[in-house]
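Reader: I have a model open on my screen and would like to go through it with you. Could you take me from the overall make-up down to a few single residues?

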Amino acid sequence: KKRGNRTHSLVGFTNFHQWFGVADAAFPASLRHQRSIKGPRNRRSEVTKKAGAIHRRSASHIMAPERPRMTRSASMLANVRCVLCGDLGGTNSRLELFRLQHTASKKDLEAIGTEPPLYAQTYKTNNLPGDFTELLHAFLAEANVGLVELAAGCLAVAGPVEEGDRVTFTNLGWRIEARLLEAEFRMQPGTMRLVNDFVANGFGVVTLREGDYSTLHGPSQPSMGAPIACVGAGTGLGEAYATASSGVYEAWPSEGGHVAFAPRDATQTELLTALQKRFGGRVSAERVISGKGIVNVYDYFCEKFPDKVDKALQARIKAHPEGAGVIARAAYDDHLCGEALNLVLDAYGAELGNAAVKWLPFGGLYVCGGIAVKNRERLKEKVFLEAYKDRGRLRPVLDRVPLRLVLVDDLGLRGAHYVALATLLGGGVVHAPTEEPPAAPAVPPSDGVAPALDRLAAAISRAAAVVSIGLLAAALLTRRR
C-alpha cells in the first residue's frame, strides 16, 4: 500500500517473512525477542510513535498463503540503518538510537548534540535481571522501529577497557565484549567500540557549542591544537585528556582521581588523618572529591562538632542512597552541611589546578559531572576559584587555560556517538576551524569497516527493499487472479 512517507512504506513490510516464508533465523535477533524489560518511556521516544503505529500491526490482519521457505541475510532485509550509543554506569545505563539517513559523513559529526535520537531510554542498572545483551535486546524491542541494522555502535563504560574491546562490571556481573555483540546483532566486524566513560567525555567535548558550557576563568577562546583535559566529580572522580598530532586529536584515559589527597590547610590535614584511620591507610582524592566524598567529609564534621549535629538531618543523609544530594540541598541552612560542601569544592578547585599545570590544557580544561553542574553558582565563589588559582609561581599559567563548566548532562553519550560515527568514517577526523573552535578529538583507527564497504552495504540494503516490494506486488497479483 502506498504511503506518503518512505520510512512508513518500508516499515510496513515487517511482515514480509510471513508472506514468503523467510526463516526466522534470517532476521536480526533484535527483531525476534519479546519485551522483557519495561520502563518509563523517555520523552524523546515520541518521535517514533508514528512509525511504531505502522510496525505494530498484528500478523492476524493478513492471512499469508503457504509458500516455500526462503533464506535471506539480515543485512539484505534491513532497511533502518542506525547508530547505537550508550553510557553504562554502576547506577544508570543510558542508551540512544540514531538513524543514519545516508552514508556517514563529517556533517553527521558536526550535528551531534543538535538532533534528537530516534529512541532513548535510561535504565536503573542495579535493578536489571540478566546481562547487558538481554538489556540491549529489550531496548531495541522498545524502540519499535521495524527492521533495524546497527551500522555502528559505541558504549562508554565506567571502568578500564581491556585489550580487544572487553570490559567487566564487577558489581553487576556483566562481561561485555564488542566482538560478541557484533555477532549477536549481525553487525560488521569492528563496528562496535567500547571506551572508558571519561575518554568518551574527551570525545564529547568536540560537540559542545555556545550555551553548552560557561567560562569560569581564563580566555574565552582555546588555542588550536593544544591539549585538552576533562575532570569530573560524580559518583567517583574521573579525569581524561586529549592530545593532537597533525591536527588530529586522540583522547586518553587516566586514573587521576586516585592520586593521593593533598590537604591545603589545618582542617584538611585533620580530615586526612581521620580518613586514614577510617580506610586503613592511603587516601585518594576521590575519597574527598566525589559524591561519596561529600558524605565522608560531612561525617568528619559530625564527629568533630557533635553538638552542632541535626540528628534528624543526619539520619536522613545516612538513609538516602544519594546522601551527597541531601547535604548539598541543606548547605545554606545547616552549618555542618555548608562546611562539608565548601571543603569539597575547595579540594575540587585544587585538583583542577593540578590538572591545569600537569597537562597545560590551553585547548580547554572542562569541568563535568553532577557535583559541578548542581553547584554551579558556588563554583563562581572565592572558595573554589582561589583554590584553583593557588599554583604559586605558576599562577599566571592558569590565566591562559580556558576553564569551562559543561552544562549538558549527556557528554558521555555525545562522545560515544562521535566514536561510532568516526568508526564508520574509517578512523580519525581532522578538525576544521570554526567560529568557536573546540578541541576536536578523533577516534583511533579500528579493525573495522572501510567507507567503501559501508556504501556497498547501503546499496545492497536499498536493492533488497526494491526486490521485496516487487515480490510482494507479484504475490498480490497472483492472489487476485
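Author: What follows is a short talk through this predicted model, going from the whole chain to its sheet, its helix contacts and some single residues.

Reader: Before we start, what should I know about the numbering and the cut-offs?

Author: Residues are numbered from 1 along each chain as its sequence is written, and side-chain values use heavy atoms, with hydrogens and water left out. Because the model is predicted, local features need pLDDT of at least 70 and side-chain atom pairs count only at pLDDT 80 or more, while totals for chains, interfaces and linings use all residues.

Reader: Fine. How many helices and strands does the protein have?

Author: The protein has 18 helices and 13 strands, where helices (H or I, at least four residues) and strands (E, at least two) are DSSP runs numbered from the N terminus.

Reader: And what share of the residues is buried?

Author: Of the 481 residues in the protein, 51% are buried; buried means under 20% relative accessible area, exposed over 50%, and partly exposed in between, with a 1.4 Å probe and protein chains only. As for contacts (heavy atoms within 4.5 Å), residues 24 or more positions apart account for 76% of those with a separation of 6 or more.

Reader: Let's look at the five-stranded sheet; in what order do the strands come?

Author: The order is β3-β2-β1-β4-β7, in an open sheet with mixed pairing, and two strands pair if DSSP finds at least two bridges between them. The edges are taken by β3 (119–124) and β7 (192–196), each of which has a single partner strand, so one side of each is left without a neighbour in the sheet. On average, neighbouring strands of this sheet are turned by 15° against each other, direction ignored.

Reader: What about β4, which strands does it bridge to?

Author: Strand β4 (residues 148–157) runs parallel to β1 (residues 80–88), with nine bridges joining the two, and five bridges join β4 to β7, again in parallel. On the β1 side, Gly86 has Leu155 of β4 as its bridge partner, and Asp87 stands opposite Ala156 in β4. Ala156 in turn has Val195 of β7 as a bridge partner. Strand β4 is mostly covered, with 10 of its 10 residues buried.

Reader: Which helices lie on that sheet?

Author: One of them is α6 (residues 132–143), which lies across β1, β2 (92–99), β3 and β4 and runs at about 140° to β3; axes here are lines fitted to C-alpha atoms, for helices over the stretch in contact, and angles run from 0 to 180 degrees between N-to-C directions. Another is α8 (residues 197–204), which packs on the sheet by touching β1, β4 and β7, and its direction makes about 100° with that of β7.

Reader: Staying with α8, how does it meet α17?

Author: The axes of α8 and α17 (residues 411–424) come within 7 Å and cross at roughly 75°. The two helices are therefore roughly perpendicular to each other, given that angles under 35 degrees count as roughly parallel, over 145 as roughly antiparallel, 65 to 115 as roughly perpendicular and the rest as oblique. The contact includes Ala200 and Phe203 of α8 and Tyr418 and Val419 of α17.

Reader: And Gly202, is that one buried or exposed?

Author: Gly202, which is found in α8, is buried, with a relative accessible area of 4%. Its C-alpha atom is separated by 6.5 Å from that of Ala240, although the two are 38 residues apart along the chain.

Reader: Switching topic: what does Asp346 touch?

Author: Outside its neighbours within four places in sequence, Asp346 is in contact with Arg264, Gln268, Val383 and Ala387. The side chains of Asp346 and Arg264 are joined by a polar contact of 2.9 Å, the term meaning a pair of N or O atoms within 3.5 Å; within protein, one must be able to donate a hydrogen and the other to accept it, and residues adjacent in sequence count only if both atoms are side-chain atoms. Asp346 is in helix α13 and is buried, with a relative accessible area of 12%.

Reader: Last one, where is Ala355?

Author: Ala355 is in helix α13 (residues 335–359) and counts as buried, at 0% relative accessibility. Leaving aside neighbours within four places in sequence, Ala355 is in contact with Val231, Leu360, Pro361 and Leu365.
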